[in-house]
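Q: Please take a close look at one part of this model. I would like the sheet, and what lies against it, described in one go.

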Amino acid sequence: MKKLLLAAIMLAPAVLPIHAQDAAPRSTSTRATAESLMRAAKPTLELDTTMSAEQFATWRKKMGEGMARIMKHPAAPVAAPVKVAEAQRDGYRIERWISYPLPESAVAFYVLIPNGVTAENPAPAVLCIPGFGQTKELVAGERQGNFDLVGEPDSVLRKAAMAVHFAKEGLVAVSVDNPSCGELSDNGVADYVTSSRFLLEIGWNYLGLASWQDKVILDWMKTQPEIRPDRLIVSGFSLGTEPLMVLGMLDDSIYAFVYNDFLCRTRERALVMNKPNQNGARFFPNNDEHLIPEFLTTFDFPDVVAALAPRPVICTEGGMDRDFKIISKAYEIAGAPENFEYHHYAKYADPANRQYLDSLPNGLDRNEFFRLANVDSPNHYFKLEWIMPWLHNLMAKDKK
């Protein structure tokens, strides 16, 4: 009997008395408890802008190691991609290839090769990663579902067709699908949620898979005779900026980056966008495909962009000047302040129209967050007006 009583005491949950004189406020809300735990779990590799150049190099190494640990890319070799179709377009040839990043998967991508680019005359290349809900066909300027490249391309050259825009500038351009979208959807349904949850259940995550698929293609690009492996650019739009950051941390050979989205501290965004609706419900600002265990307790987006230094980066859709100052300081420490360029949305281009905050207040809804973070979400698009001049300058420097 005594043994049973002792076992019951050991298994019973601890009950701590709550005293009125306790300094720390307490809440019955589990949501509040979870938020409190998140606030306490500050990023362990947050950038210290007072570090020396030597310390910065050590920090960058730790950032790469942390990213590799979180992304959990497979170590096994993959099968070589296979070309399955090609067609001539105005000023370039487009090819469709199939890659095999996992034994269970086949991942198609397009390669746009400008006229005149050959093994004897190789060109810089750019990996184009689309945003949420966008397909590799949209990015490559092709008709949806025309996987065999039969007939004409899309009749409209859209701003989102970044691969075409880069090819018109003489770069080899590769367009990919994000997992769960386009040709990688399930029965034509872009179900990000289910695939993300399966991946989380097995200890992986959506971004780990997305960046792995893109890395396999990027590594293949380095082997192609028409491509200069020392002049690889990664261009990400919206959701595509996330695998861009992963690739940048894992591959120092990448030459430059196009970050086409607003920049924010995702951890802060999650913590302050907690205003209840009329029914009292609060929403989490990130969908399942953005959930990456340990990411936000290791680093945040501005830290990762800062760790891309000293390589050229352009950010095209603003954010908080606080974060851009941090990244600019990182580029100064790395000895290449000229290699970081950023622009705000037209609505906030005038400094007088921007908010200048060191931190965001608690209790925001989506619209309030965007206003305080200087984000004009209706004008979220691929910013050719900034990217192409930046590209011209980058290519001009390369020729000197």
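Which strands does helix H8 (residues 241-250) lie across, and at about what angle does H8 run to S7?

A: The model is predicted. In it, helix H8 lies across three elements: strand S4 (123-129), strand S6 (227-237) and strand S7 (256-260). Its direction runs at about 155° to S7. Helix H11 (residues 321-333) also packs on the sheet. H11 touches strand S8 (313-315) and S9. The angle between the directions of H11 and S9 is about 165°.

Now the sheet itself. It is open and has nine strands. The order is S1-S2-S3-S5-S4-S6-S7-S8-S9, and the pairing is mixed. Strand S1 (79-89) and strand S9 (340-342) form the edges, each pairing on one side only. From one strand to the next, the twist averages 20°.

At the S1 edge, the partner is strand S2 (residues 92-100). The two strands pair in the antiparallel sense, over eight bridges. One residue pair can be picked out here: Lys-83 has Trp-97, in S2, as its bridge partner.

One charged residue deserves a look too. Asp-214 sits in helix H7 (residues 206-221). Asp-214 is buried, yet it has no salt bridge. The nearest side chain of opposite charge belongs to Lys-136, 11 Å away. A salt bridge would need a separation within 4 Å. Setting aside neighbours within four places in sequence, Asp-214 is in contact with Leu-127, Ile-129, Val-176, Pro-243 and Leu-247.

Note on methods:
Residues are numbered from 1 along each chain as its sequence is written. This is a predicted model: local features need pLDDT of at least 70, side-chain atom pairs count only at pLDDT 80 or more; totals for chains, interfaces and linings use all residues. Side-chain values use heavy atoms; hydrogens and water are left out. Helices (H or I, at least four residues) and strands (E, at least two) are DSSP runs, numbered from the N terminus. Buried means under 20% relative accessible area, exposed over 50%, partly exposed in between (1.4 Å probe, protein chains only). Lys and Arg count as positive and Asp and Glu as negative; His and the chain ends are not counted. Contact means heavy atoms within 4.5 Å. Two strands pair if DSSP finds at least two bridges between them. Axes are lines fitted to C-alpha atoms, for helices over the stretch in contact, and angles run from 0 to 180 degrees between N-to-C directions.
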